[in-house]
Amino acid sequence: MADLSIAVRQAGEVAVVLPAGFINAHTVRDFEAALEGLVQGGQYRILINCRDLSYISSAGLGAIMGLIETVREHGGDILLSNLQDNVFAIFDTLGFTQLYRVFPDESQALASPEAGG
Amino acid sequence: MAAKVDHAQFRLIIPSQTRYLNLVTGLAKRASVVAGLDDATAAKVSIAVDEAVTNVILHAYGGEGHHSVELELRFTPQALEVHIWHSGQGIREDQLVLPDPSEYIKHPRKGGLGLLLMSRFMDEVRFRADEDSGRNECCLIKKIS
């Protein structure tokens, strides 16, 4: 099994990104490319559903951080949902839960004002 | 007669390539559980080790994959110690500045968070240079409570 696979699907105006596996310095380029591809294509409402994400290092956080300003400048946002405990611990430890909206599940994220719901 | 050791330890040497990170973090997580740490703490130790080894590969060795990174796990009654040695560019502890998370939130940017995660998730993080061998060491310690 590959360390990381990434699926993207559209839910209304929101692009839902589903990383599965591990995001570290080895796999982050694929994750970054998926996010950059969306932004370059004019997709500024992005939900990262972390249901199948087992692990994320600071490299993965950096990929999200690198795009947040661009996305918000265009009236969009990057939302997070379904974080496993260890992934949530990383975001929370660094105070990133103040920077990003974190939802328990995808349906609640899609219904939020940030997602246009 | 073999020398008596007062703690268990073993070593792993990997090439300085990020493809081996998953192997190293998996080992660190399982070693943490063996040492007596709970699953949530074991996950944090594995992330700290990931960050430390990533720093060695990308920054100490500048991304060059033909070097080696040596890890030693030491199990003592008080703590799990992870020692990471390399021959690349060392970090001087007196020049170390941890980023301020609140500044990151105000001014999002890439990079610099690895050291912060290491310091938050471990009880001790030390850097030192061994002048005799010319190698540099990063030592991560998690106490067994």
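Here is a chat between a student and a tutor about the two-chain model above.

Student: Before we start, what kind of model is this, and how are its parts numbered?
Tutor: Residues count from 1 along each chain as its sequence is written, while chains are lettered from A and ligands numbered from 1 in the order in which they are written. Local features need pLDDT of at least 70, side-chain atom pairs count only at pLDDT 80 or more, totals for chains, interfaces and linings use all residues, and the model itself is predicted.

Student: Which pattern does chain B follow along the sequence?
Tutor: Chain B has 4 helices and 5 strands. Helices (H or I, at least four residues) and strands (E, at least two) are DSSP runs, numbered from the N terminus. Read from start to end, chain B goes β-α-α-β-β-α-α-β-β.

Student: What is the order of the strands in the open sheet of chain B?
Tutor: Two strands pair if DSSP finds at least two bridges between them. β2 (residues 68–75) and β3 (residues 79–86) of chain B are joined by 6 bridges, β3(B) and β5(B) pair over 8 bridges, and β4(B) is joined to β5(B) by 7 bridges. With antiparallel pairing, the 5 strands have the order β1-β2-β3-β5-β4.

Student: Which strands stand at the edges of that sheet?
Tutor: An edge strand here has a single partner strand, so one side of it is left without a neighbour in the sheet. The strands in question are β1 (8–15) and β4 (124–130) of chain B.

Student: Which residue stands opposite V125(B)?
Tutor: β4(B) and β5(B) form a hairpin with 4 residues between them, and G134(B) in the turn has a positive phi of about 75 degrees. Within β5(B), the residue opposite V125(B) is L140(B).

Student: Which residues make up the covered face of β5(B)?
Tutor: β5(B) has an uncovered face too, with R135(B), E137(B), C139(B), I141(B) and K143(B). The covered face is N136(B), C138(B), L140(B) and K142(B).

Student: At what angle do α2(B) and α4(B) pack?
Tutor: Two packed helices are described by the angle between their axes and the distance between the axes. Axes are lines fitted to C-alpha atoms, for helices over the stretch in contact, and angles run from 0 to 180 degrees between N-to-C directions. For α2(B) and α4(B) the axes are 9 Å apart, and the angle is about 145 degrees.

Student: How many nonpolar residues does the contact of α2(B) with α4(B) have?
Tutor: Two residues are in contact if their C-beta atoms, placed from the backbone, lie within 7 Å. Here residues including K44(B), V45(B) and I47(B) in α2(B) meet G114(B), L117(B), M118(B) and F121(B) in α4(B). Ala, Val, Leu, Ile, Met, Phe, Trp, Tyr, Cys and Pro count as nonpolar, Asp, Glu, Lys and Arg as charged, and the others, Gly among them, as polar. Sorted that way, the contact has 3 polar and 2 charged residues, and the nonpolar count is 7.

Student: Which element of chain B gives the largest share of the side that touches chain A?
Tutor: The contact between the chains takes 23 residues from chain A and 24 residues from chain B. On the chain B side, α1 (21–35), α2 (39–60), α3 (101–106) and α4 (114–121) each give two or more residues. The largest share, 8 residues, comes from α2(B).

Student: How is α3(A) set against α2(B): oblique or roughly parallel?
Tutor: Their axes come within 10 Å and cross at roughly 60 degrees. Angles under 35 degrees count as roughly parallel, over 145 as roughly antiparallel, 65 to 115 as roughly perpendicular and the rest as oblique. That makes α3(A), set against α2(B), oblique.

Student: Which residues of α2(B) does α3(A) meet there?
Tutor: From α3(A) come D85(A), N86(A), A89(A) and I90(A). Their partners in α2(B) are A40(B), A43(B), K44(B) and I47(B).

Student: Is N82(A) buried or exposed?
Tutor: N82(A) lies in the loop between β5 (77–81) and α3 (85–93) of chain A, and has a positive phi of about 60 degrees although it is not a glycine. A residue is buried if 20 or more other C-beta atoms lie within 10 Å of its own, exposed if 12 or fewer, and partly exposed in between, with C-beta atoms placed from the backbone. N82(A) has 21 within 10 Å, so it is buried.
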